[in-house]
Amino acid sequence: MLVNLSDVLTTADKTEDVTATLEMETYDCRLGTYKVVRKDPVSLHISNTGNGKAHVKVKTFVTLLMSCDRCLRDVEHAFDLSFSIDVHAPSEEIDEDADENIYMEGYQLNVESLISKEMLMNWPLKVLCKSDCKGICKICGKDLNLGQCDCDTFVPDPRMAAIKDIFNANNKEV
Ligand SMILES: [Zn+2]
Ligand SMILES: [Zn+2]
């Protein structure tokens with residue numbers, strides 16, 4: 001959704017509160033495609049900060065359907081977004097603001113791409129169905145949260161193996 005900021009950008013000391021609606025039904029990024037299970041209206045508080053310039057406070061809440069990193073079960077992850085950016089009219093050449101101004105299309109703010117970027121910045125390092133998820137067995141694929149399987153998952157510690165070798169070598173010399 002595009003929000004027209006021309007009034008605020010061109011009127012000194014003007015402030016505006018706008019509620020925008022996100023169009024995204026899925027969230028697509030290089031990590032994959034995620035279903036949007038909940039999205040709140042995006043609240044924008046826009047204030048003029050000088051000729052052709054404005055400060056935008058953004059607040060919204062988006063929930064994506066993700067999967068547990070360990071057991072692949074569905075997990076709903078909520079992005080509680082609250083941030084602000086400085087934008088300017090296309091006629092204003094302000095170098096240090098160039099980064100944030102990529103969300104402007106003329107006098108309009110592209111809320112969709114702004115929120116998408118902010119979600120990526122807040123992407124969780126780990127998605128777990130619960131903090132102590134036991135994951136799935138690498139051999140038989142059983143969900144270990146439902147109980148142990150009978151697979152032999154013992155992996156010898158390579159450091160212990162090295163010590164054993166030294167120990168065996170010494171024994172042979174004796
Ligand atoms: Zn899990
Ligand atoms: Zn197993």
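Partly exposed, the label that Asp40 will get below, covers residues between the buried class, under 20% relative accessible area, and the exposed class, over 50%. With a relative accessible area of 25%, Asp40 falls in that middle band. Keep in mind that this is a predicted model. Here's a quick tour of two zinc sites, a handful of salt bridges and the main nonpolar core.

**Zinc ion (ligand 1)**

- Four cysteines hold the zinc ion (ligand 1) through their SG atoms: Cys68, Cys71, Cys129 and Cys133, at 2.3 Å.
- The geometry comes out as tetrahedral, with angles of 107 to 114° among the four donor atoms.
- For reference, four tetrahedral donors would ideally sit at 109.5 degrees.
- Along the chain, the donors of this zinc ion (ligand 1) are spaced as C-x2-C-x57-C-x3-C.
- Cys68 sits in the loop between β6 (53-67) and β7 (74-88), while Cys133 sits in the loop between α2 (111-121) and α3 (158-173), so this pair ties together parts that are 65 residues apart in sequence.
- Are Cys68 and Cys133 buried or exposed? Both are buried.

**Zinc ion (ligand 2)**

- The zinc ion (ligand 2) is also bound through SG atoms, here from Cys137, Cys140, Cys149 and Cys151, at 2.3 Å.
- This site is tetrahedral too, and the angles among its four donor atoms run from 103 to 113°.
- The donor spacing for the zinc ion (ligand 2) reads C-x2-C-x8-C-x1-C.
- Cys149 counts as buried, at 15% relative accessibility, whereas Cys151 counts as partly exposed, at 24%.

**Salt bridges**

- How many salt bridges are there, taking a Lys or Arg side-chain nitrogen within 4 Å of an Asp or Glu carboxyl oxygen? The count is four, and the bullets here go through some of them, including the one between Glu25 and Lys39.
- Glu25 and Lys39 meet through their side chains at 3.4 Å, N to O.
- Glu25 belongs to the loop between β2 (15-20) and β3 (26-29) and Lys39 to strand β4 (residues 32-39), so the bridge joins parts that are 14 residues apart in sequence.
- On the Glu25 side the residue is exposed, with a relative accessible area of 55%, while Lys39 is partly exposed at 28% relative accessibility.
- Asp40 pairs with Arg38, and the N to O distance is 3.2 Å.
- Arg38 is partly exposed, with a relative accessible area of 42%, and Asp40 is partly exposed as well, at 25%.
- Lys117 bridges to Glu118, with 3.6 Å between the closest N and O atoms.
- In that pair, Lys117 is partly exposed at 28% relative accessibility, but Glu118 is buried, with a relative accessible area of 12%.

**Nonpolar core**

- In soluble globular proteins, nonpolar side chains tend to be buried together.
- The largest nonpolar core here contains 40 residues, and Leu44, Leu64, Leu109 and Ile115 have the most contacts inside it.
- Which elements give two or more residues to this core? They are α1 (6-10), β2, β3, β4, β5 (42-50), β6, β7 and α2.
- Leu64 is worth a click in the viewer: leaving out residues up to four places away in sequence, Leu64 touches Tyr27, Tyr34, Lys35, Val36, Val37, Val75, Glu76, His77, Phe79, Met119 and Trp123.

Methods
Residues numbered from 1 in each chain as written. Chains lettered and ligands numbered in written order. Predicted model: local features only at pLDDT ≥ 70, side-chain atom pairs only at ≥ 80, totals over all residues. Heavy atoms only, no water. Donors = N, O, S within 2.8 Å, 3.2 Å for Na, K, Ca; no water. Tetrahedral: all angles 85-135°; square planar, octahedral: opposite > 155°, others 65-115°. Helix = DSSP H or I, 4+ residues; strand = E, 2+ residues; numbered from the N terminus. Buried < 20%, exposed > 50% of the residue type's maximum accessible area, 1.4 Å probe, protein only. Core = buried A, V, L, I, M, F, W, Y, C linked by side-chain atoms within 4.5 Å. Contact = heavy atoms within 4.5 Å.
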